[in-house]
Amino acid sequence: IPFVLKAQERAERARKARNMEEEEKLFLFGSPWSPPAWMKNPGGNRPSLSSMSGSNPIQGLSTNQQQAWSNYLSYWVTSFKQKGVNIWGITVQNEAEFAAPWESCVYNASFQSNFIGNYLGPTLKKDHPSLKIMAYDHNKDHIAQWAKELSSNEQCMKYLSGMAFHW
C-alpha cells in the first residue's frame, strides 16, 4: 500500500504539472487469483480438499459461496479505499480457464456471467457504484466466445464494463 500511495501521489503531481484532465489520472485495477480455500470446490492438484493452490478443473468457486466471494471482493475494495488507494476496476478472476497448480480458480463463461449478474454486479454496484467490472482476464484466444456468452445475459450486462485479456 505505501508504494501504491506514492505512485498515486506522483501521478497526481505529474497530472497537475502538465495541466492534464481529471480523466488522465492513474487508474488502479485489481484481479484476484483465488478465493479463500473454504469458498472453493475440492479438486485439481488436491482432489480431496479445497485449497487456494489449484482449482477444480470444472468449477473452482463453490456455487453456495458466490455471495460470500462477492462480499469479500467488495470488502477488499473498501479496505483499500480506507487506506487511500482508489481502485478503478477489477476483474472477476485472473486466468479463469486455467486450473494452475498455484493460486487459481476456474470459471466457465456461463458461470462467470451468472456470477456477475446475480452476485458480484449487484454487490459492487451497491457498495462501489463507479467501480468497473471486467470479465474473462485470460489469453486472447477465447475472448470472442466469452464475449458472446456474457453479452447474451442481460442481467450480467447491467454490470459488466468490458473484457480483460492477456495479449
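Q: Where buried means a relative accessible area under 20% and exposed means over 50%, is cysteine 105 buried or exposed?
A: The model considered here is a predicted one, and its values are computed from that prediction. The cut-off for a buried residue is a relative accessible area under 20%. Cysteine 105 has a relative accessibility of 0%, and therefore it counts as buried.

Q: Why does cysteine 105 form no bond with the closest cysteine sulfur, and in which residue does that sulfur lie?
A: A disulfide is a covalent bond that links the sulfur atoms of two cysteines, and the pair is counted when these atoms are within 2.5 Å. The sulfur of cysteine 105 is 16 Å from the closest cysteine sulfur, which is too far for a bond, and that closest sulfur belongs to cysteine 156.

Q: How many disulfides does a search of the whole structure find?
A: Seen from the other side, the sulfur of cysteine 156 has its closest cysteine sulfur in cysteine 105, at 16 Å, and this is too far for a bond. Cysteine 156 is itself buried, since its relative accessible area is 0%. When the search is extended to the whole structure, the number of disulfides found is 0.

Q: Is strand β3 largely enclosed by the rest of the structure or not, and how many of its 8 residues are buried?
A: Strand β3 covers residues 132-139, and it is largely enclosed by the rest of the structure. This follows because, of its 8 residues, the number that are buried is 6.

Q: Which strand pairs with β3 over 6 bridges?
A: Strand β2, residues 87-91, runs parallel to β3 and is joined to it by 3 bridges, and one pairing places isoleucine 133 of β3 as the bridge partner of isoleucine 90. The pairing over 6 bridges, also in the parallel sense, is made between β3 and a strand at residues 160-166, namely β4.

Q: Which helix makes a right-handed β-α-β unit with β2 and β3?
A: The strands β2 and β3 run parallel. Together with a helix at residues 109-127 they make a β-α-β unit that is right-handed, and this helix is α3.

Q: Which residue of β4 stands opposite tyrosine 136, a residue with a phi near 70°?
A: Tyrosine 136 is found in strand β3, and its phi is positive although it is a residue other than glycine. With a relative accessibility of 1%, tyrosine 136 counts as buried, because that value is under 20%. The residue of β4 that it stands opposite is alanine 164.

Q: What is the phi of glutamate 95, in the loop between β2 and α3?
A: Most residues other than glycine have a negative phi. Glutamate 95 sits in the loop between β2 and α3, and it is partly exposed, since its relative accessible area is 22%. Although glutamate 95 is not a glycine, its phi is positive, at about 50°.

Q: What is the volume of the largest cavity, which glutamate 95 helps to line?
A: The structure holds 1 cavity of 30 Å³ or more. Among the residues that line the largest cavity are Trp33, Gln93, Asn94, Glu95 and Trp102. The volume of this largest cavity is about 40 Å³.

Q: Which element gives the most to the lining of the largest pocket?
A: The largest pocket has a volume of about 380 Å³, and it is lined by 18 residues, with Lys25, Leu26, Asn86, Ile87 and Trp88 lying nearest its centre. Each of α1, α2 and β2 supplies at least two residues of this lining. The element that gives the most, with 5 residues, is α1.

Q: How far does helix α1 reach from its first C-alpha to its last?
A: Helix α1 runs over residues 2-17 and has 16 residues, for which 22 Å is expected at 1.5 Å a residue. Just after α1, asparagine 19 takes a positive phi of about 55°. The reach of the helix itself is close to the expected value, at 23 Å.

Q: How far apart in space are glutamine 145 and alanine 109, C-alpha to C-alpha?
A: Glutamine 145 lies in helix α4, residues 143-151, and it is exposed, because its relative accessible area of 52% is over 50%. Along the sequence glutamine 145 and alanine 109 are 36 residues apart, while in space the distance between their C-alpha atoms is 8.2 Å.

Definitions and conventions
Residues numbered from 1 in each chain as written. Predicted model: local features only at pLDDT ≥ 70, side-chain atom pairs only at ≥ 80, totals over all residues. Heavy atoms only, no water. Buried < 20%, exposed > 50% of the residue type's maximum accessible area, 1.4 Å probe, protein only. Helix = DSSP H or I, 4+ residues; strand = E, 2+ residues; numbered from the N terminus. Pairing = 2+ DSSP bridges. Right-handed = clockwise from strand over helix to strand, strands pointing away. Expected span 1.5 Å × (residues − 1). 1 Å grid on protein atoms, 1.4 Å probe; cavity = no way out; pocket = protein on both sides within 12 Å on 5 of 7 lines; lining within 4 Å. Points joined across faces, edges and corners; volume = space filled by probe spheres on them.
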